[in-house]
Amino acid sequence: MGLSRRRLLHAGTAGTSLLLLSPFVASVAAKEARHDTDVRLFMRVSAALTMKDTLSDTIGERIFRALGGDTSEFVEALNRLDTNMQSVEQWTTKDKALAHKIISAWYLGRTGSDPGSEVIA
């Protein structure tokens with residue numbers, strides 16, 4: 001069997017599809033890598049705040065998402081906490097509130113105190 005027009009057309013279509021999808025796939029991969037990095041940061045901050053070396057990754061992921069982990073503001077606040085972990089006196093009121101939310105979520109298994117709070121564990 002030689003190269004027919006049909007096979008050539010299929011090969012060309014498949015190649016074009018791969019070229020069109022590659023930026024999308026690269027974008028998704030980059031977002032997933034950034035998300036994983038952000039979750040690791042959250043887990044590091046959580047371990048420092050709770051003074052526990054071993055925390056559940058599954059529960060950590062749930063808390064991360066429930067507290068707004070997919071927003072750049074949340075990640076920036078986590079970076080501030082992480083950077084100033086040894087000098088708590090430099091924390092702003094917002095930093096202290098976030099630290100309290102993180103600790104509460106780990107110990108209570110839910111986020112927030114109102115009836116609409118999200119149950120984590």
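Helices and strands are DSSP runs, numbered from the N terminus, and a helix has at least four residues. H3 is one such helix, and the largest share of the lining of the largest pocket, 5 residues, comes from H3. The model is predicted.

Start with the overall layout. The chain has 4 helices and 2 strands. From the N terminus on, the elements run α-α-α-α-β-β. The chain counts 121 residues, and 30% of them are buried.

Next, follow the chain out of the N-terminal helix. Helix H1 spans 5–50, and methionine 51 sits in the loop between H1 and H2. The backbone at methionine 51 has a positive phi of about 60 degrees, although this residue is not a glycine. Methionine 51 is also exposed, because its relative accessible area of 73% is over the 50% cut-off.

Now turn to H3. This helix has 12 residues and reaches 16 Å from its first C-alpha to its last, close to the 16 Å expected at 1.5 Å a residue. Its buried residues are Phe74, Val75, Ala77, Leu78 and Leu81. Seen down the axis of H3, these buried residues fall within an arc of 160 degrees, so they line one face of the helix. A general point helps here. An α-helix has 3.6 residues a turn, so residues three or four places apart point the same way. On the other side of H3, Glu73 and Thr83 are exposed.

Two residues on the buried face deserve a longer look. Take phenylalanine 74 to begin with. This residue lies in helix H3. Phenylalanine 74 counts as buried because its relative accessible area is 7%, and buried means under 20%. Its ring has company. The structure holds 3 aromatic pairs. In one of them, phenylalanine 64 and phenylalanine 74 meet edge-to-face, at 5.8 Å centre to centre and with 70 degrees between the planes. The pair links distant parts of the chain: phenylalanine 64 belongs to helix H2 (residues 57–66), phenylalanine 74 to H3, and they are 10 residues apart. Their C-alpha atoms are separated by 9.3 Å. Both phenylalanine 64 and phenylalanine 74 are buried. Phe42 joins these two residues, and Phe42, Phe64 and Phe74 form one aromatic cluster.

Alanine 77 comes next. This residue is also found in helix H3. Alanine 77 is buried, with a relative accessible area of 10%. Its C-alpha atom is separated by 8.4 Å from that of lysine 94, and the two residues are 17 apart along the chain.

That leads to the pocket. Rolling a probe the size of a water molecule over the atoms shows where empty space is left. About 190 Å³ of space lies in the largest pocket. Helix H3 (72–83) and helix H4 (93–108) are the elements that give two or more residues to its lining. The lining consists of Ala66, Leu67, Glu73, Phe74, Glu76, Ala77, Arg80, Lys94, Ala97, Leu98, Lys101 and Thr111. What is the chemical make-up of the residues in this lining? They divide into 6 nonpolar, 1 polar and 5 charged.

Look back at H3 with the pocket in view. Phe74 and Ala77 are among the buried residues of H3, and both also line the largest pocket. Glu73 is exposed on the other side of H3, yet Glu73 is in the pocket lining too. Lys94, whose C-alpha lies 8.4 Å from that of alanine 77, is another of the lining residues.

How values were computed:
Residues numbered from 1 in each chain as written. Predicted model: local features only at pLDDT ≥ 70, side-chain atom pairs only at ≥ 80, totals over all residues. Heavy atoms only, no water. 1 Å grid on protein atoms, 1.4 Å probe; cavity = no way out; pocket = protein on both sides within 12 Å on 5 of 7 lines; lining within 4 Å. Points joined across faces, edges and corners; volume = space filled by probe spheres on them. Nonpolar A, V, L, I, M, F, W, Y, C, P; charged D, E, K, R; others polar. Phe/Tyr/Trp six-rings, centres within 6.5 Å; stacked < 30°, edge-to-face > 60°. Buried < 20%, exposed > 50% of the residue type's maximum accessible area, 1.4 Å probe, protein only. Expected span 1.5 Å × (residues − 1). Arc of directions from axis to C-beta.
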